[in-house]
Amino acid sequence: MSDATATPAAPTHGIGAILRHAQYVIGENKVTGFAFGLFLLIVLAALIGPYIVPHDPLASNTSAALQGPSAKYWFGTDQLGRDVFSRVIVATRLDFAIAIFSVALVFLMGGLAGVAAGFFGGWTDRIVSRIADTIMAFPLFVLAMGIVAALGNTVENIILATAIVNFPLYARIARAEANVRREAGFVQAARLSGNGEFRILLGHILPNIMPIMVVQMSLTMGYAILNAAGLSFIGLGVRPPTPEWGIMVAEGAAFMVSGEWWIAFFPGLALMLAVFCFNLLGDGLRDIIDPQRRT
Amino acid sequence: MKRRTFLKSLSAASAASALPIPAVWSSAKAQARQETLLVVSESGPNNVDIHGVGTNVPGYEVSWNCYDRLISHEMKTLPNGTQYYDRDKFKMELAEDMNVGDMSATFKLRKDAKFQDGTPVTAKDVKWSLDRAVSVGGFPTFQMGAGSLTKREQFVVVDDHTVRVDFIKKDRLTIPDLAVIVPCIINSGLVQKHATEKDPWGLEYTKLNTVGGGAYKMTKWQPGAEVILERNDDWKLGPQPKVRRIIWRMVPSAGNRRALLERGDADISYELPNKDFVELREAGKLSIVSTPFSNGCQYIGMNVTKPPFDNLKVRQAVAYAIPYQKIMDAALYGLAKPLYGSGLDKVKDAAWPVAHNYNTDIAKAKQLLAEAGYPNGFETSISFDLGFATINEPLCVLVQESLAQIGIKAEINKVTGANWRTELNKKTMPLYTNVFSGWLDYPEYFFIWCYHGRNSIFNTMGYQSKEMDAFIDGAGDAATAGNAAAYETNVKGFLDLAFTDIPRIPIFQPLSNVAMQKNVSGYQYWFHRRLDYRSLVKG
Amino acid sequence: MLRMVLKRLMLAIPSLIGVVIVTFLLTRALPGDPAAYFAGPAATEEAVAQIRKQLGLDQPLPQQFVRYVSDLSRGDMGVALTTGQPVAAEIMSRLPASAELTLLGLIVSVLIAVPLGILAATSPGSMIDHTCRIVTTAGVSLPVFFTGLVLVYFFYYQLGVAPAPLGRLDVYFSAPPQITGFYLIDSLIARDGETFVASLKQLILPAATLAIFALAPIARMTRASMLAVLGSEFVRTARASGLSPGTVIVTYAFRNAMLPVITTLGMVFSFLLGANVLVEKVFAWPGIGSYAVEALIASDFAPVQGFVLTMAVMYVMLNLLIDVLYGLIDPRVRIEA
Amino acid sequence: MTAAIPNAPAEVPLLDVRDLTVEFSTRRGAVQAVKHVDVTVGKGETVAIVGESGSGKSVTSYAVMRILDRAGRIADGTITFGGVDVGKAGEREMRDLRGREISMIFQNPRAALNPIRKVGHQIEDVLRQHAQAGSDDSKAKAIAILEQVRIARPDERYHAFPFELSGGMCQRVVIALALACRPQLLIADEPTTGLDVTTQKTVMDLVVELTRQRGMSTILITHDLGLAAAYCDRVVVMEKGRVVETANSHAIFSAPNHPYTRKLVRATPRLGVTLSDLLPEEEGVARKASRASNGANGANGAGHASSDEQPLLVVEGLVKEYPRKDTGGGSLKSLFKRNGAATAPEGPPPVFRAVDGISFSVRRGESVGLVGESGCGKSTTSTMVMRLIDKTGGQILFDGEDIGAIPARQFARLPLRKRIQMVFQDPTESLNPRFTAVRAIADPILRMGESMSAKAVRARCEELATQVGLPLEFLDRFPHQLSGGQKARVGIARAIALKPDLVILDEPTAALDVSVQAVVLNLLQDLKEQLGMSYLFVSHDLNVVRLLCDRVIVMQAGRIVEEGPTEKVLGAPAAAYTRELLSAIPHPPL
């Protein structure tokens, strides 16, 4: 056949192609490669961190309080003589969990609501858009504070608050993406194939906007951690003595001026690196999905 | 290398340009600086009238400096040189003479006393002010009540310059209670102009304005940010204060407050973390004055109305499990007076605060807990006021860790500042830490609030003991009657009982720390622990 | 244009109603009892109950809501417990401080980020591009309170080049006569160079903290939209017509690329207003953000409600402003309205 | 691979491209988009560069202008324009060249104009850049140029923004921009693609007229061999980055030399050919033979449906109204409104009738063509018949049942759904990017077919793939791994999976290259014969309609202007509009 001149796509399977593409992007873009490596480190720390740290992150040792970084205490010790390094590592799991769960939650709430709004339009759209507008009209951090203050400062509520403040972002992106595809040829074709509207929404639209949502999720993970840290900073974070980066920075902030910079610095650095990693990774993912639309 | 030199030159250049600016641009400003005292603290007043609804502690400071009272206290010098108010010696302020009789006290007012608007202070003003204190309700009325001043009829105008205060009962706290912040004398004529039917005491007006005759008047107040007080040059009730102008800035970050002090920008600050005080003292660039809180201590309280803390052995176990020394070292940096491990089975003196005989002894605590029927411990929560997190948080973390060793799993519960009082009021927190200190420095005053069966808000444990009540009441009666021996027996009685029954575990007596520039002097410790600007000197 | 403004305002009304309701419910759910707070220490149960009644807190929620709304319609936002001042007055007096800081932060950020974004877009994949990406991403990855603390530590405490982080003006200066409430502008109007320099010095660190945070979204958006526009056909046409690179980039590409950037600016501004809350706390800045945080921590309803409502109104006005600005640049929007 | 250049201009050519190679650096390394290309353009000559997508024809022109993307570079060869070595010229020199000596017009006129700048100012920018006008006279000059490109009321249009002008008008502005500085060479890159055939004619006529007047040379870059031959002196045919043939335009149709040119010429639909003629010789012969044995001769012989039988589809008085949204795009009214010139005496009706009471029928086994220019309502009609949108009025009877009365949302669940299917215009867009080919074909079977095992579904899909000529190894690929023709086949396989009675073909080949179009059209014809389906063929291309349809319906502004058997309507059109459409089709010189 004369038209059988398809592009010579080496792997016939999609996943293979994506992996190859990912490999290319990571290879080509050192920054993304670095972010990916960092991400693996974070995951590793979250998974096995608590079993490998040199000291008990909760054990106080007042005789060794406020020691600077040394061979024994790599990141120094805090006010109660706890090992900052161990606490920073152990905190990874909690911060990572906050990020993952809040992002998953906001995807379930905002992503699905947005897709439905964009696809069905009409009242669904109006309600979802109104909710998103209302949330947007709040200063987001203050709303998160309010939610945590009102519901109590537990990890669950921090996750919930982070998810709620991100709702408009997800709803809007999902809505826009679904709206574009609402009358797309393949959606029309799906209608012709006898797909009901819900099946089209979940089976055809949603998978197509997943890549964009995944990018967004990666970027929001960083924001989720920052949000949790900010809440901790003003005293609405997790309960002591649980190690968490934000609260460690807040605790260490007071020691900064007296020269014990390491108490706040290392958790702050970890915090920054994690957020940095998620942001770069989001960028990288965007490259993988669509090299043209990198922003 | 390059970067370093760059930074150096940068800092040098800007230092050169930054420092002389005030001098070059205006010598008036440098002059002003000499006569201005910059005070920095974490929070500021919400109301400058102590009679107001919900006036906070910083508001007391404004009231103290801007209003006069009939009487005040003399100063004494502590061995370390600190000026400390003398509980037992009164000084005349608005009154030029006080005559305490059996069931009344008569005050002659100074003839030259004037309010800040120039109107003379009369007996009418005094009566109106005291009437107001006992009438407005809330904290001021309660405080007056502590000295058995409860009815307006108790305040009698004898003539323009004579006021008599009648006693409803004999109470040795009545006269001291007239020297606290609450019975301040207000310019009644001026306030009444602003009074309304809904607000007969003119609280709305005095909330924002200082309407007294004190040594300072508030000229600017930006809530949450700044208070400016100017010296009242017509003030005649004492030597003229040296500082012309007080600028009181609110700096929420303790680190910033410290930095301001160290760099010489701020003149004086209290409310710094202990660690900073310790380091500042070691650095020696500033004068640090540390004085134990009069009649106060920080303690661990237990709710005795509910299991498991209704069990004496559990309470004792907890008392043996508190890591006292660790708290002293890590949470307080040694800047406190320990109230534990006295080594004495019975208290030696009839004085308070005084140490109890518990010390950290995990084995004994375990044993006691087992005896109490909790060999494997139990789960509970320990709460603290987030407003004082610098000490409370490490303290609670240490206590939590230590309790875990005897099997008690305590979850830490942070309570926001405003909510703390509500929570205390509910009396449902099983385990918590708190500070209480009384203005009137008498042991029975403390115990009436904190241990008496009439269950005031500060008896946070819900502690009820007939025996305790008898001791406390006995001490009060003995004091009024002037029976020193009975007083001592009763005081020792309630102290020993408080330690054996141990519903609350005193840990330490906090220190009131003030850091100031070397050129600032004249600091005086008052029972309210706020600054008295009148005695401060700069330069 | 007026019709568009009115239409936009109408559209914002449901959101504002939503904000009022959500804020009301949220603040009622805050722990803590204002009555107990007002009653002061050592108050009896009865005293607390009486104050509760005075404050109307004993009534069921719907009635409290009606009362709140009717107060609000009279411009009465209630009285703050912690400072004891009427909320409306305090917000009005503190708003300029926050606005000045946020705007300066935004301006600094735009001045850095937009050229950076353009530079990155004109040479995608280059070192400049990567550096821009890494620097801005690092900026947005820093928690603002941490940035603020580190800046204070270095520039004030260590190097001593920055003034004390003590609010809007050094202690020994007095505020310029209030006209706009922006010290920078007011001091210029008053021809008081000394105060201008002093207030500018105070502004530098907090504004830098905010600017660092805002760099990334603006630079990214500038880069992305510039890249899109540079690849568009009309730019190709302009190039093919031999127009000079300056004309192409400024008249053709930049103005078109600004459109999405302006939208982003709106988002960034509202984001900064949120970040302000933390920055103001670090720098003792007497703005509405720190006011709201203190109030929230103290379970003090009225300021929180007032603050949120003010921010919501500002957000609406800001979006309106952006739409108008958008209309000025893009004739298509103008006609549609 | 360089073919001889017949009739090479004797004098020194204006543009001389020699051995040009353009490389793009991509992820897979450097790719040569243009390989060793030679093109010359003499003074006053009009040369067409023809090729299918990916042939490198546009890249060649960009190289001449030196406006390649960042990734592209001239790897080899020389480009000489009027004695200037373009490859070595400095950027400044090039800037002076562009717009003043060589200018270019692009495919999408609306996108080619700065959307937020008045068109007059855009022309002035060019004038001033090349010092053709100062600040005092630039406006007058710009208006004069607008007038030259036949824009009515140029002094008003000077202030218009591109979005306020129609597509044809925008293209005139682009032409004005290109000709403003009286360049010597105009490069027109697919200047009329996407425009209606009548607009195409006026634009092309204008370009030719203006360039002739000024003695300019022109390069026309197009995929349409017919257009190229009709308007140009010489034609350069490119394939995969190489020039395969250069010939005089009348020679290219009559005696194409290169096999590729021959294939291209054959595949171009034109008068007097049948479907099988479009295919390359051998295939076409075989196809013709098989059709002959089936007793049908090409498209028009398929009239085996008896006329007394009840028609499959009857449309009666069909109306579709949309609420009027005055977005101003291209409408003159908004222009008036803006300038306040006209007070718009009567307001526009509140609704806009996209389809205005049309009636027609489709018999079983019949192919009906629905033709008209963009906005005539043909797609709205087909979408309503498809039951994807609801009608405003009238009836749609399918097999006697009024399917128009069933709301579109419910229709998807009815068994009737599988009897009406559609092949979409854009094969790429109509395939879910996340579905493999087999999954896309299986979709209707899974949703509406009898329940069967996964194996059976697969078997059925393979059967369908074979039927539409899609090699089975492509079944597990995703759309982006398939070529345009393969995607079209997947779309067709999906449409016929449940053996529908009526298939609506919505410009099924508009997005395809001509050679692929030829194959797909033949495939559609074969399938129709095999399965006995009816087609409703929606198209703007009369040449294609002629090949595939038994009857033709011509629509204009929501109404039917003419209807009848294909030969009659296209051979002897009764309506003026039909005649206009026919005459606008470029006729290569034969």
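This report describes a predicted model, chain by chain and contact by contact.

## Confidence

The structure is a prediction. The model as a whole scores ipTM 0.77 and pTM 0.79. In chain D the mean pLDDT is 83. There, 90% of the residues reach 70 or more.

Two stretches of chain D call for caution. Residues 1-9 of chain D have pLDDT under 50. The model gives residues 1-9 17 contacts beyond four places in sequence. Residues 295-305 of chain D also have a pLDDT below 50. Beyond near neighbours in sequence, residues 295-305 have 29 contacts in the model.

## Chain A

Chain A has ten helices and zero strands. Its pattern along the sequence is therefore a run of helices, α-α-α-α-α-α-α-α-α-α. Of its 295 residues, 61% are buried.

Sequence separation gives another view of chain A. Take the contacts between residues at least 6 apart in sequence. Of these, 66% join residues at least 24 apart.

## Chain B

Chain B has both kinds of element: 19 helices and 23 strands. Buried residues account for 53% of its 539 residues. Among its contacts between residues at least 6 apart in sequence, 68% join residues at least 24 apart.

The C-alpha atoms of chain B fill a box of roughly 80 × 70 × 45 Å along the principal axes. How does the radius of gyration of chain B fit a compact globule, and what is the expected value? With 539 residues, a compact globule would have a radius near 24 Å. Chain B has 25 Å, so the two agree.

## Nonpolar cores

In soluble globular proteins, nonpolar side chains tend to be buried together. The largest nonpolar core here has 540 residues. The residues with the most contacts inside this core are A:Ile225, C:Ile218 and D:Ile441. Helix α11 of chain C, residues 245-283, gives the most to the core, with 19 residues. Apart from this core lies another, of five residues. Among them are C:Leu169, C:Phe173, C:Phe182 and C:Tyr183.

What does D:Ile441 touch, leaving out residues up to four places away in sequence? Its contacts are D:Cys461, D:Leu464, D:Ala465, D:Val490, D:Ala493, D:Arg494 and D:Ala497.

## Where chain D meets chain A

This contact takes 37 residues from chain D and 27 residues from chain A. On the chain D side, four elements give two or more residues each. They are β16 (420-423), α15 (437-448), α17 (484-496) and α18 (514-531). The largest share, four residues, comes from α15(D).

The chain D side is mixed in character. Its residues divide into 15 nonpolar, nine polar and 13 charged.

## A closer look at A:Arg130

A:Arg130 sits in helix α4 of chain A, residues 122-137. Is A:Arg130 buried or partly exposed? It counts as partly exposed, because it has 15 C-beta neighbours inside 10 Å. A buried residue would need 20 or more, and an exposed one 12 or fewer.

Leaving aside neighbours within four places in sequence, A:Arg130 is in contact with C:Pro14, C:Ser15 and C:Gly18. A:Pro168 is 38 residues away from A:Arg130 along the chain. The C-alpha atoms of A:Arg130 and A:Pro168 are separated by 9.6 Å.

Methods
Residues numbered from 1 in each chain as written. Chains lettered and ligands numbered in written order. Rg over C-alpha atoms; globule rule 2.2 N^0.38 Å. Contact = placed C-beta atoms within 7 Å. Core = buried A, V, L, I, M, F, W, Y, C linked by C-beta atoms within 7 Å. Nonpolar A, V, L, I, M, F, W, Y, C, P; charged D, E, K, R; others polar. pLDDT = per-residue confidence, 0-100.
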